Amino acid sequence: MAKAINNIKRFELSPEDKRKKDLEEVENALIDNKDSILELLTAVGHMHDRGVLSLLNGLFGQGDKVLNVLVKALDKPEATNTIKNLLLMVGTLGTINVRQLEPLLLKLNSGIARVAEYKETDEKTSYFDLVKALKDPEVNRAVTLLITFLKGMGEDTSEMERNTQLPEDQKMHKMEKNERDVPPNKRE
């Protein structure tokens with residue numbers, strides 16, 4: 001029968017062999033990623049030509065001073081309001097239904113294109129000209145669209161507002177609105 005192996009000797013590389021192996025590994029990685037590395041070096045060269053690298057070196061070299069200036073600038077009430085308004089606008093943009101907005105934007109672009117082609121004259125538009133223009137189907141559609149838009153702007157959206165009321169006030173406001181909407185003979 002064979003004897004059990006009790007002692008295992010690990011094969012250790014000499015520092016020279018390890019260095020040689022590491023260099024070979026780096027060399028292979030450079031060859032495999034040659035195009036990416038060349039593009040990166042080109043980009044770094046352009047950054048150097050434009051002075052971006054000098055700016056970054058100065059920025060990181062004076063990191064504490066730069067950070068101090070930024071913190072002081074952000075500590076002002078105007079900056080705080082700007083950040084708050086920016087976050088509010090981003091949140092509002094998230095509520096816009098872009099699919100519904102697209103046809104309106106296309107019509108807006110068309111209107112802007114017509115205005116760009118318009119040659120300004122001294123001719124004035126009379127009331128009769130306005131009434132006559134309403135017979136034009138395109139003008140009539142535009143006026144109808146504008147009136148529909150204005151009706152939408154005039155709707156009561158207070159129950160949808162999130163930022164003008166505290167959450168507990170929103171609940172109370174919704175309950176009051178629901179009570180007003182229920183006819184008196186249906187109330188409990």
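Modeller: Let's start with a term we will need: a salt bridge is a side-chain nitrogen of Lys or Arg within 4 Å of a carboxyl oxygen of Asp or Glu. Please keep in mind that this is a predicted model.

Colleague: Thanks! What makes Glu-138 and Arg-114 a salt bridge?

Modeller: Their side chains come to 3.2 Å, N to O. The cut-off is 4 Å, so this pair of Glu-138 and Arg-114 qualifies. Glu-138 sits in helix α8 and Arg-114 in helix α6 (residues 98–117), so the pair ties together parts that are 24 residues apart in sequence.

Colleague: Are Glu-138 and Arg-114 buried or exposed, and how do you know?

Modeller: Glu-138 has a relative accessible area of 40%. Exposed needs over 50% and buried under 20%, so Glu-138 falls in between and is called partly exposed. Arg-114 reaches 52%, so it passes the 50% mark and is exposed.

Colleague: How many salt bridges does the structure hold?

Modeller: It holds two. Besides the pair we discussed, Lys-18 forms a salt bridge with Asp-22.

Colleague: How do you know that Lys-18 and Asp-22 count?

Modeller: Their closest N and O atoms are 3.9 Å apart, and the limit is 4 Å, so the pair of Lys-18 and Asp-22 counts. Both belong to helix α1 (residues 15–32); being four residues apart, they are separated by about one helical turn. Lys-18 is partly exposed at 48% relative accessible area, and Asp-22 is partly exposed at 36%.

Colleague: Why are α2 and α3 called roughly perpendicular?

Modeller: Helix α2 (residues 34–50) and helix α3 (residues 52–61) pack at an angle of about 80°, with their axes 5 Å apart. Angles of 65 to 115 degrees count as roughly perpendicular, so α2 and α3 earn that description. Val-44, Met-47, His-48 and Arg-50 of α2 make the contact with Val-52, Leu-53 and Leu-56 of α3.

Colleague: And what makes Met-153 exposed?

Modeller: Met-153 has a relative accessible area of 59%, and exposed means over 50%, so the word fits Met-153. This residue is placed in helix α8 (residues 137–154). Together with Leu-146, Phe-149 and Leu-150, Met-153 forms a nonpolar patch on the surface, with about 440 Å² of accessible area for the group.

Colleague: What does the protein chain look like as a whole, in helices and strands?

Modeller: The chain has nine helices and zero strands. Buried residues make up 2% of its 188 residues. The protein chain exposes about 18600 Å², and carbon and sulfur atoms supply 60% of that area.

Notes
Residues are numbered from 1 along each chain as its sequence is written. This is a predicted model: local features need pLDDT of at least 70, side-chain atom pairs count only at pLDDT 80 or more; totals for chains, interfaces and linings use all residues. Side-chain values use heavy atoms; hydrogens and water are left out. Patches are made of residues with over 30% relative accessible area and no salt bridge: like charges are joined within 9 Å, nonpolar side chains (Val, Leu, Ile, Met, Phe, Trp, Tyr) within 5 Å. Accessible areas come from the Shrake-Rupley method with a 1.4 Å probe; for residues, only the protein chains shown count as cover. Helices (H or I, at least four residues) and strands (E, at least two) are DSSP runs, numbered from the N terminus. Buried means under 20% relative accessible area, exposed over 50%, partly exposed in between (1.4 Å probe, protein chains only). Axes are lines fitted to C-alpha atoms, for helices over the stretch in contact, and angles run from 0 to 180 degrees between N-to-C directions. Angles under 35 degrees count as roughly parallel, over 145 as roughly antiparallel, 65 to 115 as roughly perpendicular and the rest as oblique. Contact means heavy atoms within 4.5 Å.
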